[in-house]
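Colleague: Could you walk me through this model before I get back to the bench? I'd like the overall picture, and then some detail on pockets and charged pairs.

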Amino acid sequence: IRHCNSISEGYISLRLGSLNIKYGPNGIGKSTIARALELRTADNDGLEELTPFKHKSLKSGPRPSIEGADSIQNVMTFNDEYVSQFVFQRDEVLK
């Protein structure tokens, strides 16, 4: 993963067809990694959303990219949106 938000360059390992958990302190890029993989599976142009602020105004500046994730077809992220959609319902405990 390169040039995604505050990540200049990062390397991660994922096991296909498995639950992959990324754990670490706040602010190290876990959400950025998850968002980058989600955007990559949806539409490679969507990665532009993660262009670092310092590069947004540069037409020829570095752009977000992900290498080696071509075989990843689906990404599900257990985040606030997921929890709100499936777990906490107004009239139900679980959906």
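Modeller: What follows goes from the chain as a whole to its pockets, its salt bridges and a couple of single residues, and please keep in mind throughout that this is a predicted model.

Colleague: Fine, so how many helices and strands are there in the chain?

Modeller: The chain has three helices and two strands, and reading from the N terminus their order is β-β-α-α-α.

Colleague: And what does the C-alpha trace span along its principal axes?

Modeller: The trace spans about 50 × 30 × 30 Å along those axes. Of the 95 residues in the chain, 26% are buried, and the accessible surface comes to about 7600 Å², with carbon and sulfur atoms accounting for 51% of that area.

Colleague: What share of the contacts join residues at least 24 apart?

Modeller: If you take the contacts between residues at least 6 apart in sequence, 46% of them join residues at least 24 apart.

Colleague: Let's change topic to pockets. What volume does the largest one have?

Modeller: The largest pocket has a volume of about 900 Å³. It is lined by 27 residues, and those closest to its centre are Asn20, Val75, Met76, Thr77 and Phe78.

Colleague: Which elements give two or more residues to that lining?

Modeller: Those elements are α1, covering residues 30-42, and α3, covering residues 80-86. Helix α1 gives the most, with seven residues in the lining.

Colleague: How do the lining residues of the largest pocket divide into nonpolar, polar and charged?

Modeller: The lining of the largest pocket divides into 14 nonpolar, seven polar and six charged residues.

Colleague: And the second largest pocket, what is its volume?

Modeller: The second largest pocket has a volume of about 290 Å³. Its lining is made of 16 residues, among which Ile12, Ile66, Glu67, Gly68 and Ala69 lie nearest the centre. By class, that lining has nine nonpolar, four polar and three charged residues.

Colleague: Why use a probe to look for pockets at all?

Modeller: Because rolling a probe the size of a water molecule over the atoms shows where empty space is left.

Colleague: Okay, on to charges. How many salt bridges does a search of the whole structure find?

Modeller: The search finds six salt bridges. One of them joins Arg40 and Asp70, whose side chains meet at 2.3 Å, N to O. That pair links distant parts of the chain, since Arg40 sits in helix α1 and Asp70 in the loop between α2 and α3, 30 residues apart.

Colleague: Are the two partners, Arg40 and Asp70, buried or exposed?

Modeller: They fall on opposite sides: Arg40 has a relative accessible area of 19%, which is under the 20% cut-off, so Arg40 counts as buried, whereas Asp70, with a relative accessible area of 56%, is exposed.

Colleague: Which residue does Arg35 meet in a salt bridge?

Modeller: The side chain of Arg35 meets that of Glu49, at 3.1 Å from N to O. This pair also links distant parts of the chain, with Arg35 in helix α1 and Glu49 in the loop between α1 and α2, 14 residues apart. Arg35 is partly exposed at 32% relative accessibility, and Glu49 is partly exposed as well, at 44%.

Colleague: Which residues are linked in a network of salt bridges?

Modeller: Arg2, Glu9 and Glu67 are linked in such a network. Within it, Arg2 forms a salt bridge with Glu9, and the closest N and O atoms of that pair are 2.8 Å apart. Arg2 counts as partly exposed at 25% relative accessibility, and Glu9 is also partly exposed, at 45%. Glu67 is, besides, one of the residues that lie nearest the centre of the second largest pocket.

Colleague: Now the histidine, His55. Where is it found, and which residues does it touch?

Modeller: His55 is found in helix α2, residues 53-56, and, leaving aside residues up to four places away in sequence, His55 touches Pro62 and Arg63. With a relative accessible area of 13%, His55 is buried.

Colleague: Last one: is Gly17 buried or exposed?

Modeller: Gly17 is exposed, with a relative accessible area of 89%, and it is found in the loop between β2, residues 7-9, and α1. Its C-alpha atom is separated by 9.1 Å from that of Ile72, although the two residues are 55 apart along the chain.

Methods
Residues numbered from 1 in each chain as written. Predicted model: local features only at pLDDT ≥ 70, side-chain atom pairs only at ≥ 80, totals over all residues. Heavy atoms only, no water. 1 Å grid on protein atoms, 1.4 Å probe; cavity = no way out; pocket = protein on both sides within 12 Å on 5 of 7 lines; lining within 4 Å. Points joined across faces, edges and corners; volume = space filled by probe spheres on them. Helix = DSSP H or I, 4+ residues; strand = E, 2+ residues; numbered from the N terminus. Nonpolar A, V, L, I, M, F, W, Y, C, P; charged D, E, K, R; others polar. Buried < 20%, exposed > 50% of the residue type's maximum accessible area, 1.4 Å probe, protein only. Contact = heavy atoms within 4.5 Å. Areas by Shrake-Rupley, 256 points an atom, 1.4 Å probe, with all protein chains shown as cover. Salt bridge = Lys/Arg side-chain N within 4 Å of Asp/Glu carboxyl O.
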